[in-house]
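I opened this model to note down its pockets, a few helices and some odd backbone angles. The entries follow in the order in which I looked things up.

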Amino acid sequence: MLEQLNRALEHIEGRLDQRVDTEELARLAMTSEYHFRRMFSALAGMPLSEYVRRRRLTVAGAEVLAGERTLLEIAVRYGYTSGEAFARAFRAMHGVGPGEARRTGAALHSQPRMSFRLVVEGSSSMRYRIVEKEEFRAVGRKARVPLVYEGVNPAIAAFIKGIDKETQQRIHRLSDQQPEGIVSISDHISENREEGSEFDYYHAAVTAAPVPEDMDVLTVPAGTWAVFEDSGPFPQSLQYMWRDVFTQWFPSNPYRSRRGPEILRTRLSREATWADVELWIPVERD
């Protein structure tokens, strides 16, 4: 898997001045386009589109300083439709406009070329099980929130805080199947998984009970799920679990992610310093 991902990265490098075809990258990595995007963002710590953008602006920055092409020629070469659009993107990454950088020889930022390698560390194992689940419903409250890669998502925290205690109890009483209790569900995450892009977040229970009129409902088709379990300090165990699934488990097992919601069940200690976590990821066999 890592060798195939690195082949896709080489393909990107050869086409920074062209359109990067994600379908072709997925073919080189011998996986689905959806799973390739998920794997890349987990391994690289940024979405594929952001990496390509930063690599283009890194190479464009070198050309700006070299002075062999006009700024407009460089802008067009790297996919910008105008000098103004190029200047905005250039300044956002380098902290200085291309014209000023050329005049003053300013120091620029660089996005290094990435390559993936396997690092074997520790001796701990990841607890998981594979579950075949019939179509089910998640019922509760829904919000549209921005994607945040690190730390607490303030929009989600504010949303949950705004749900009154009675409603929380009503949602909890609806739970009648696995995963039990109130769960967090993320659905309709953008294909590019760019930070700040919006997705549907549900504070809900998985149930076969009738849906109350004042509740939101998500119907999830039948399918296969990989269910991961972990216990550890909060929030560290929660923050790193998703990353570990994609950087350790998927490369070592004959499964890939498929489209569908991600479900997280968290049980906190009384002091909120320790958590038992259960993560449901929709999968399919390679």
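Entry 1, second largest pocket. I listed the lining of the second largest pocket in this predicted model. The lining residues are Tyr 34, Arg 38, Ser 186, Asp 187, His 188, Ile 189, Arg 193, Arg 259, Gly 260, Pro 261 and Glu 262. I read off a volume of about 150 Å³ for this pocket. By class, I have 3 nonpolar, 3 polar and 5 charged residues in the lining. Helix α3 (33-44) and strand β3 (182-187) each give at least two residues to the lining.

I then looked at one of the lining residues, His 188. His 188 sits in the loop between β3 and β4. Its phi is positive, about 55°, although the residue is not a glycine. I asked whether His 188 is buried or exposed. His 188 has 52% relative accessibility, and the cut-off for exposed is over 50%, so it counts as exposed.

Entry 2, cavity. How many cavities of 30 Å³ or more does the structure hold? I found 1. The largest cavity encloses about 40 Å³ of space. Its lining consists of Tyr 34, Arg 37, Arg 38, Ile 189, Ser 190, Glu 191 and Arg 193. I sorted these into 2 nonpolar, 1 polar and 4 charged residues. Tyr 34, Arg 38, Ile 189 and Arg 193 line this cavity and also appear in the lining of the second largest pocket.

Entry 3, helix α6. I checked the length of α6, residues 83-94. With 12 residues at 1.5 Å a residue, α6 should span 16 Å, and its end C-alpha atoms are 16 Å apart, so the two agree. Which residues of α6 are buried? I noted Ala 85, Phe 86, Ala 89, Phe 90, Met 93 and His 94. Looking down the axis of α6, I see these buried residues fall within an arc of 140°, so they line one face of the helix. The face turned away from the buried side carries the exposed residues Glu 84, Arg 88 and Ala 92. The cover over the buried residues of α6 includes α4 (48-66), α5 (71-77) and α7 (98-104). After α6 comes Gly 95, with a positive phi near 80°.

Entry 4, helix α1. I ran the length check on α1, residues 2-13. Its 12 residues should span 16 Å at 1.5 Å a residue, and I get 17 Å between the end C-alpha atoms, which agrees. I recorded Leu 2, Gln 4, Leu 5, Ala 8, Leu 9, His 11, Ile 12 and Glu 13 as the buried residues of α1. What covers these residues includes α2, α3 and α4.

Entry 5, α2 and the loop after it. I looked up Thr 22, which lies in α2 (residues 22-28). Thr 22 has a relative accessible area of 11%, and buried means under 20%, so Thr 22 is buried. Leaving out residues up to four places away in sequence, Thr 22 touches Glu 33, Phe 36, Arg 37 and Leu 48. One of these, Arg 37, I had already listed in the lining of the largest cavity.

Met 30 is in the loop between α2 and α3. I noted its phi near 60°, a positive value in a residue other than glycine. Met 30 is exposed, at 60% relative accessibility.

Entry 6, His 203. Where is His 203 found? It is in strand β4, residues 198-207. I have its relative accessible area as 8%, and His 203 is buried. Leaving out residues up to four places away in sequence, I count among its contacts Gly 140, Arg 141, Phe 159, Gln 168, Ile 182 and Val 183. I also looked at Ile 185, which is 18 residues from His 203 along the chain; their C-alpha atoms are 6.7 Å apart.

Entry 7, cis peptide. I found a cis peptide bond from Gln 178 to Pro 179, with omega near -10°. Pro 179 lies in the loop between α9 (165-174) and β3.

Entry 8, whole chain. I finished with the overall figures. The chain has 10 helices and 9 strands. Its C-alpha trace spans about 70 × 40 × 35 Å along the principal axes. Of the 286 residues, 44% are buried. For contacts with a separation of 6 or more, 74% join residues 24 or more positions apart.

Terms used: Residues are numbered from 1 along each chain as its sequence is written. This is a predicted model: local features need pLDDT of at least 70, side-chain atom pairs count only at pLDDT 80 or more; totals for chains, interfaces and linings use all residues. Side-chain values use heavy atoms; hydrogens and water are left out. The expected span of a helix is 1.5 Å times one less than its number of residues. Buried means under 20% relative accessible area, exposed over 50%, partly exposed in between (1.4 Å probe, protein chains only). The arc is that of the directions from the helix axis to the C-beta atoms. Contact means heavy atoms within 4.5 Å. On a 1 Å grid over the protein atoms alone, a cavity is a set of points where a 1.4 Å probe fits but cannot get out, and a pocket is an open set with protein on both sides within 12 Å along at least five of seven lines; lining residues have an atom within 4 Å of a point. Grid points are joined across faces, edges and corners, and a volume is the space filled by probe spheres set on the points. Ala, Val, Leu, Ile, Met, Phe, Trp, Tyr, Cys and Pro count as nonpolar, Asp, Glu, Lys and Arg as charged, and the others, Gly among them, as polar.
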